[in-house]
Amino acid sequence: MKKLDALVVGAGFAGLYMLHKLRQDGFTAQVVEAGSGVGGTWFWNRYPGARCDIPSVQYSYSFDSELEQEWTWKERYSAQPEILEYLDHVADRYALRDGILFETRVTAAQWNEESRRWTVATDTGTTFDVQHLILATGALSDPKLPDLPGLENFTGPILHTAKWDASVDLTGKRVCHFGIGSSGIQTVAAIANQVGELTVFSRTPSFAVPCSNPLLSAEDSAAAKAGYPAMREIMRHSALSFATLPKSGSAKECDPAEREQRLEGAWTESTFSLLMEFDDLLFDDESNALATDFARRRLARTIADPEKARKLIPQGYPLGSRRLCTEIGFYDAMNGEHVALVDVREEPVVQITADSVDTAQGSYPADAIIFATGFDACVGAIKAINITGRGGQQIANEWADGPRAYLGLAVAGFPNMFTITGPGSPSVLSNVVVSIEQHVEWIARCLSDMRAQGQSVIEADPCAEQAWMQHAHEVAHMTVFPRANSWYQGRTADGREVFMPYVGGVGAYRAKCDAVRDAGYEGFLLG
Ligand code: FAD
Ligand code: NAP
């Protein structure tokens with residue numbers, strides 16, 4: 001059994017930086033990664049059209065200015081291959097690969113009361129005896145397949161966007177595609193001209209704004225590199241961790257003609273400009289309704305076929321309460337004559353046969369099926385590990401009624417276990433790389449402080465955890481977020497919703513974590 005200070009699960013943005021930081025700080029550490037390479041999200045999500053929706057100069061590490069200066073992004077929003085290339089470069093640049101055990105899945109972790117250490121098991125039989133267990137398992141890493149009757153009878157390839165098999169050639173094929181969230185919108189746009197026939201099955205349509213994605217010129221890159229220090233500082237302390245801040249002013253108090261003009265400008269500016277055009281859009285129902293109405297009218301102008309428009313224009317939830325998507329050619333693709341749209345709420349799937357998807361109203365021939373049906377978000381990858389904490393309590397049981405965690409960093413009853421971008425932290429409601437860096441640095445500092453003070457165990461105090469969850473709940477309900485059925489929500493056994501990411505803002509959250517540390521890890525029990 002390998003003995004280490006820390007075991008890190010996952011080699012995405014979070015796991016790579018965590019390993020580097022632990023090594024820098026003199027800890028023995030190892031990463032275990034289920035995939036055969038580094039990159040996490042960007043290793044697995046190889047579907048056509050996959051790209052980030054936060055400018056790459058922002059969606060990248062800030063911890064080393066030399067790395068910033070030597071890496072030149074090619075486009076404003078990079079596609080998956082370029083982001084993966086970047087993370088491969090990071091792994092090589094900091095010589096991280098020898099600390100990563102690939103193609104190995106952590107299956108179980110058991111807290112040992114006597115040794116005050118974790119015993120960690122993997123699917124290859126390798127085991128570890130570690131003081132700290134750090135879950136860098138990703139909030140969007142556990143793909144979900146819908147439970148459709150007869151799926152096992154389908155004879156063609158079945159693809160999930162997050163487990164894409166690039167060897168499948170879709171050229172000229174009849175493809176049935178499920179889901180039009182961020183991944184589905186990108187996939188549909190990228191394959192529409194390649195396939196023979198495309199039937200898109202949607203359930204909850206998304207708001208998607210056009211993505212303007214110019215190549216970055218030498219001047220653009222030079223300006224970005226010169227501006228990194230100031231830009232990163234803004235991002236670390238702003239609410240959404242973007243380089244631009246929401247514009248002040250209320251939508252409902254704005255002159256209607258001016259409001260329309262501003263929203264029109266924001267529509268094409270950049271991914272999240274629409275939500276940041278007024279600073280009350282995510283908090284004030286009336287202001288949000290005005291922007292939601294604008295977005296619906298804007299989409300009606302974009303989608304030519306009125307029947308498709310009826311199915312594609314979101315109804316029944318506020319703009320921004322589900323992840324705002326971006327599109328490059330999605331609505332154009334949907335306007336195509338060889339592209340059909342089925343709303344499964346009106347026309348549920350009754351069965352899948354060897355070569356078709358059948359609904360109550362018709363049969364749609366299929367040579368291949370694509371699922372862009374999302375993830376068991378925020379908790380899936382953690383609950384999939386059989387983690388047994390103090391007194392035999394298991395994380396999957398403890399979180400059956402929705403996740404609980406102190407600051408989204410630690411869970412009461414699970415000593416010396418940290419989650420990076422865990423539930424209760426800003427995570428998926430931020431530029432995730434900014435949130436990852438903040439968590440990695442906080443955890444590394446915590447471990448160093450413990451070592452300096454001769455402490456071997458840290459655990460979230462259940463009272464502090466409860467207070468944080470209550471605070472997170474209250475803040476979420478001051479916004480429009482909980483008013484949509486979205487993957488941001490966990491659900492308790494009795495059907496209550498638990499809003500999982502922390503909505504209070506990245507800057508405020510960082511300040512809280514720093515204050516907790518400066519007060520001697522307030523809300524944690526140390527021993
Ligand atoms: P991940 O990248 O998910 O890595 C987790 C790793 O842990 C995976 O490789 C997984 O295999 C491994 N793992 C999990 N469980 C185990 C186990 N039991 N044993 C071994 N290994 C395990 N965020 C943004 O801020 N901006 C964007 O534009 C953006 N675009 C995205 C696009 C897509 C298609 C998706 C799916 C997500 C996107 N995200 C975006 C969110 C993205 O997940 C994060 O930005 C970030 O990449 C997460 O990094 P991570 O290291 O925390 O987790
Ligand atoms: P998602 O947002 O959860 O979208 C999945 C979609 O599939 C939903 O609309 C869902 O509808 C639908 N669906 C599920 N089961 C279905 C069924 N049986 N029939 C028809 N439709 C079904 O997942 P995702 O698109 O993979 O994106 C997840 C997150 O990853 C994003 O929100 C974003 O944070 C990130 N991401 C970002 C980018 C980017 O542009 N940077 C790209 C991809 C992903 P319901 O909502 O009704 O369940």
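**Exercise 1. The surroundings of ligand 1**

Task: Which of the 33 residues around ligand 1 come nearest?

Solution: Of the 33 residues around ligand 1, those that come nearest are Glu33, Thr41, Asp53, Tyr59 and Val432, where a residue is near a molecule if one of its heavy atoms lies within 4 Å of it. The structure is a predicted model, in which local features need pLDDT of at least 70 and side-chain atom pairs count only at pLDDT 80 or more, while totals for chains, interfaces and linings use all residues. Residues are numbered from 1 along each chain as its sequence is written, chains are lettered from A and ligands numbered from 1 in the order in which they are written, and side-chain values use heavy atoms, with hydrogens and water left out.

The next step is to sort the shell by class, which gives 18 nonpolar, 12 polar and 3 charged residues; here Ala, Val, Leu, Ile, Met, Phe, Trp, Tyr, Cys and Pro count as nonpolar, Asp, Glu, Lys and Arg as charged, and the others, Gly among them, as polar. Helix H1 (13-24), helix H2 (41-44) and helix H14 (432-453) each supply at least two residues of this shell, and the largest share, 3 residues, comes from H2. Helices (H or I, at least four residues) and strands (E, at least two) are DSSP runs, numbered from the N terminus.

**Exercise 2. Polar atoms at the ligand**

Task: How far is an oxygen atom of ligand 1 from an N or O atom in the side chain of glutamate 33?

Solution: The distance from the side chain of glutamate 33 to an oxygen atom of ligand 1 is 2.7 Å, and an N or O atom in the side chain of tryptophan 44 is 3.0 Å from an oxygen atom of the ligand. Alanine 34 takes part through its backbone, with an N or O atom that lies 3.1 Å from a nitrogen atom of ligand 1. Taken alone, ligand 1 exposes 980 Å², and the protein buries 94% of that.

**Exercise 3. A histidine in helix H14**

Task: Is histidine 439 buried or exposed?

Solution: Histidine 439, which is found in helix H14, counts as buried because its relative accessibility is 1%, and buried means under 20% relative accessible area, exposed over 50%, and partly exposed in between (1.4 Å probe, protein chains only). Its side chain reaches the backbone nitrogen of threonine 421 at 2.8 Å. The side chain of histidine 439 also makes a polar contact (2.7 Å) with the side chain of tyrosine 509; a polar contact is a pair of N or O atoms within 3.5 Å, and within protein one must be able to donate a hydrogen and the other to accept it, while residues adjacent in sequence count only if both atoms are side-chain atoms.

**Exercise 4. Free cysteines**

Task: Why is the sulfur of cysteine 378 not bonded to the closest cysteine sulfur, in cysteine 325?

Solution: A disulfide is a pair of cysteine sulfur atoms within 2.5 Å, and by this rule the count comes to 0 disulfides. Cysteine 211 is in no disulfide, since the nearest cysteine sulfur, that of cysteine 52, is 8.5 Å away. For cysteine 378, the closest cysteine sulfur, in cysteine 325, is 16 Å away, which is too far for a bond. Cysteine 211 is buried, with a relative accessible area of 14%, and cysteine 378 is buried as well, at 7%.

Conventions
Accessible areas come from the Shrake-Rupley method with a 1.4 Å probe; for residues, only the protein chains shown count as cover.
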